[in-house]
Amino acid sequence: MNRTLIALLGLLMLTACPDDDDDFAANDDDVADDDDAATDDDDAATDDDDVASDDDDATDDDDATDDDDATDDDDATDDDDTTSDCWQADALLDVASAPGPGGDNPDPELSGACSGDEFIVESNQIPHYTFVPLTPNALEAVDATWTVDRTPEVAAETSDIPLLGTAGFTVGGTPFFGPNEAETPDPYGDPVYNGITDGCNGHTAFAYDNHALKQVCLTPAGLVAEPWTLDDPDPDVESPVLGFALDGFAVYGPYGCVDEGCSEIVEYVSGYVQIADPSTYAWDAHEYQDSKDPEVLDECNGHVGPNGDYHYHATSTFPYILGCYRGTAQGGGPGGGGGGPGGGG
Ligand SMILES: [Zn+2]
C-alpha cells in the first residue's frame, strides 16, 4: 500500500468521524433522494439471474471443501469468459442472483477462475446485500483483481497483514481488512468494537470492506437483501469457506470438524485476549496467548485442520479474520496489495 492510499484512507476516516452527526444525516438524505433511480439497475440484475438459476445452492457448500469437483459445476463464474475449474472458484457466491445494495448503487460483479498455479478473482467490490451508510463515503464500484496461490504453502515465518488495506477477499467479492481503522478519528481502533460496521461487519472507506466475516452473509442462503436478519448458523454443521487470504489460504466460518471422520463439530476461537481498551490501537489492546486447547487458533487465527491443510477461521472476537499471514501473500489489485506496515505487534 502506498503512502497516497494511506493518506487517502486517513482523510476518509477523518470525515467518517462518528461524532460528526451532521455528515451522517446529510449522507442518509442523499441516499433517500436517489432512490428513484434504483429500478434501472435492478433490470440488469434480473438478466444475470437466468444464468444463475441452474446453480444448485445445496451443492455450493459442499464444493468449498471438496477438491474433486473441478469439472461438475461452472456456474460460479456466470457472466464472462472465465472457467470455473477449481474448488476455490466454485466457493464464490453467485452474487448476480442477489438483490444487491439497493438505491442507485451499482450491482455486484464477481468472477473467478484458476489458471496454472493461480486463483484469480475479479470483483467490483460491491456487496450483494443492502448498503447501510455508516460513514459519509458513498458506495462506489472499484474494480479489483486478486491473484493468489492456488496451492498455498506454510511459510518459514509468519508475516504481518497490512495495517490498512486488503488482507483478503470474501466469497461475496468484497475485500477484507485487518481489525483496525486508520489514524482518525480513533487511531487504529477496532471498528467492530467501535460499532462502525454494518450487519455483515463491513462499511465504506475508499471502497466497501469487511472487518469481520459473518457466516450468514456469505453463504448461498445469504444472497438476500438483509442476510444479517437470518438465523445464526447451526453450530453442529461444518462452516463453509467465507473467503480467501491474499496468501491463498481459505478462511472458513467458525465451526469445523475435530478430526478427519468429523466425529464432532467445534467452534474454533481466537487465542487473543483483550488487555486494554480496543477503541484505539486495537493491536496493542490484545495479547496472543498460546494454548494447548486444539480449539484455540494460532496467532494468525488459523490452524492445520484434520485433513492436514492449513486454513484460517473467522472468529467472533479479535482479530475476527486474520492475525497474520501464515503463507506468502501476493499482491492484490487496486485497493489491495500485500505490502504496507504490519499490524501483528
Ligand atoms: Zn479448521
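This report describes the chain as a whole, then its zinc site, its disulfides and the surroundings of one glutamine.

**The chain as a whole**

The structure is a predicted model, and every value below was computed from it. The chain contains five helices and 15 strands, and of its 345 residues 51% are buried. Among the contacts whose partners have a separation of 6 or more, 63% are between residues 24 or more positions apart. The surface that the chain exposes comes to about 14600 Å², and carbon and sulfur atoms supply 45% of that area.

**The zinc site**

Which residues coordinate the zinc ion? The ion is held by three histidines, His-303, His-311 and His-313, each of which offers its NE2 atom at 2.0 Å. When these donor residues are read along the sequence, their spacing follows the pattern H-x7-H-x1-H. Of the donors, both His-311 and His-313 are buried in the model. Since water is not among the atoms, a metal site such as this one may look incomplete.

**The disulfides**

How many disulfides does a search of the whole structure find? The search finds four, and if the bonded cysteines are numbered in sequence order, they pair as 1-2, 3-4, 5-6 and 7-8. The table lists several of these links, with the distance from sulfur to sulfur.

| Cysteine | Partner | S to S distance |
|---|---|---|
| Cys-86 | Cys-114 | 2.0 Å |
| Cys-200 | Cys-217 | 2.1 Å |
| Cys-257 | Cys-262 | 1.9 Å |

The link of Cys-86 and Cys-114 has 80 degrees about the S-S bond and is right-handed. This pair connects distant parts of the chain, since Cys-86 lies in the loop between α4 (57-63) and α5 (87-91), while Cys-114 belongs to strand β1 (residues 110-115), 28 residues apart. Cys-86 has a relative accessible area of 3% and is therefore buried, and Cys-114, with a value of 6%, is buried as well.

For Cys-200 and Cys-217, the torsion about the S-S bond is about -90 degrees, so this disulfide is left-handed. This pair also links distant parts of the chain: Cys-200 sits in the loop between β5 (175-176) and β6 (202-204), and Cys-217 sits in the loop between β7 (208-210) and β8 (241-245), 17 residues apart. Cys-200 is buried, with a relative accessible area of 2%, and Cys-217 counts as buried because its relative accessibility is 1%.

Is the disulfide of Cys-257 and Cys-262 left-handed or right-handed? The torsion about its S-S bond is about -75 degrees, so it is left-handed. Cys-257 is buried, with a relative accessible area of 10%, whereas Cys-262, at 29%, is partly exposed. The reasoning here rests on a cut-off, because a residue counts as buried under 20% relative accessible area and as exposed over 50%, with partly exposed in between.

**The surroundings of Gln-215**

Gln-215 is found in the loop between β7 and β8, and Cys-217 lies in that loop too. With a relative accessible area of 12%, Gln-215 is buried. Which residues does Gln-215 touch, if those up to four places away in sequence are not counted? The residues it touches are Pro-233, Ser-239, Pro-240, Leu-242, Gly-253, Pro-254 and Tyr-255. With one of these, Ser-239, the side chain of Gln-215 makes a polar contact, side chain to side chain, at 2.6 Å.

Conventions:
Residues are numbered from 1 along each chain as its sequence is written. This is a predicted model: local features need pLDDT of at least 70, side-chain atom pairs count only at pLDDT 80 or more; totals for chains, interfaces and linings use all residues. Side-chain values use heavy atoms; hydrogens and water are left out. Donors are N, O and S atoms within 2.8 Å of the metal (3.2 Å for Na, K and Ca); water is not among the atoms, so sites may look incomplete. Buried means under 20% relative accessible area, exposed over 50%, partly exposed in between (1.4 Å probe, protein chains only). Helices (H or I, at least four residues) and strands (E, at least two) are DSSP runs, numbered from the N terminus. Contact means heavy atoms within 4.5 Å. Accessible areas come from the Shrake-Rupley method with a 1.4 Å probe; for residues, only the protein chains shown count as cover. A disulfide is a pair of cysteine sulfur atoms within 2.5 Å. A polar contact is a pair of N or O atoms within 3.5 Å; within protein, one must be able to donate a hydrogen and the other to accept it, and residues adjacent in sequence count only if both atoms are side-chain atoms.
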